[in-house]
Amino acid sequence: MLGRLLGGIATSLLFSVFEAWLIRSHTDAGLKNFIGKSLSWATYGNSVIAILAGLVANEATKALPMIAIKEEALYMGGYLNPSDFALFALVLCGLLVMSLWEENYGDSSSTKPDEGIRSQDILLCGAISSLFEGSMYIFVFMWTPALRDDGEELPFGLIFSTFMVCCMAGSSMCSILIEHIKGERLAVGIFAFSAAAMGFIALSSNQTLKFIAMNCFELTVGMYWPVMGTLKGAIVPESKRAAIYNLYRIPINFIVLFSLLTSLTPAQSFTLNFIMLSVGAVLQTILMMRREKHGLMESDSATSDLEAAERLLIQE
């Protein structure tokens, strides 16, 4: 129970403070239009690390058999080895953050004139991100039983690696597309395409076609993170960013609990995902139209940020 409690705290920090720090640092450096690029590279790197971690974990479980240090109380080895290795990785990351990152405290400036418009955009942004990420977690739980309908043993490690490669491809595509298409418009396409992939998974009875559709969904996952990170960076106020990011995760938990407690079949779960992603596409369209109407959509060009970066290099 203590492990799950600490894991919940760690997850909240993982999905809030790192992104908040990155966005603020880009803003301070005058490189706000490069947030999407940075998040694309971060998603790409996450996928690479996920593939490597899966391979290492697979070998780590075989390195030492599980033995009881204290019967029914304390164990080591076996399937616990990957968690022990993760501890060292986390300590190393913590030391690197402490030594290489500068502290920033956000911006506690007064309310801006567009705060009324922005507050509605914040609610829309939260609903949209909750719907996509909720469907993503349901997918994580359900892709295995969906592919094992006939009870056949499958190379799950290889399948997971394929998903991560598609996620990497999506983040790479996003880094190219975001230079030419505004994030709000790109997000509409991501939601529509992901909804179509989920609908296909729910309706298809062919395992190969299901697998292809799952890879298409993972492609949109790789595109989602940098695009949504860019949108949240533009919409959520700096002074409340970390707190609001944590509030966004509350509906996600309810979506996941609903899926687990209702014992939905894989087909029903993917149908639910299709509905959620379709609603997300509609809400994203509304958000795009609102921001376009009020002139709040970000510029496609990063020219001004390139000039700012050149000035910073000259000053240094």
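This report walks through a helix pair, a nonpolar surface patch and the salt bridges of a predicted model.

## How helices 7 and 10 pack

Two packed helices are described by the angle between their axes and the distance between the axes. Let's start with both values for helix 7, which covers residues 183-203, and helix 10, which covers residues 266-293. Their axes come within 8 Å and cross at roughly 165°. Angles over 145 degrees count as roughly antiparallel, so helix 7 and helix 10 are roughly antiparallel to each other.

The crossing of helix 7 with helix 10 is left-handed. Sorted by class, the residues in this contact are 14 nonpolar, 8 polar and 4 charged.

## A nonpolar patch on the surface

Next, take a look at the surface, where a nonpolar patch of about 1200 Å² is found. Its residues include L2, L5, L6 and I9, along with V17, F18, L92 and W101. Helix 1 (2-14), helix 2 (17-28) and helix 4 (81-100) are the elements that each give two or more residues to the patch.

Helix 1 gives the most, with 6 residues. L13, another residue of the patch, lies in helix 1.

## Salt bridges

Side chains of opposite charge can pair when their charged atoms come close. In this model, the count comes to 7 salt bridges.

One salt bridge to find in your viewer joins the side chains of R291 and D121, at 3.7 Å from N to O. R291 sits in helix 10 and D121 in helix 5 (residues 115-147), so this pair links distant parts of the chain, 170 residues apart.

Notes: Residues numbered from 1 in each chain as written. Predicted model: local features only at pLDDT ≥ 70, side-chain atom pairs only at ≥ 80, totals over all residues. Heavy atoms only, no water. Axes fitted to C-alpha atoms, helices over the stretch in contact; angles between N-to-C directions. Helix = DSSP H or I, 4+ residues; strand = E, 2+ residues; numbered from the N terminus. Parallel < 35°, antiparallel > 145°, perpendicular 65-115°, else oblique. Left-handed = near helix turned anticlockwise from the far one by under 90°. Nonpolar A, V, L, I, M, F, W, Y, C, P; charged D, E, K, R; others polar. Patch = residues over 30% accessible without salt bridge, like charges linked within 9 Å, V, L, I, M, F, W, Y side chains within 5 Å. Areas by Shrake-Rupley, 256 points an atom, 1.4 Å probe, with all protein chains shown as cover. Salt bridge = Lys/Arg side-chain N within 4 Å of Asp/Glu carboxyl O.
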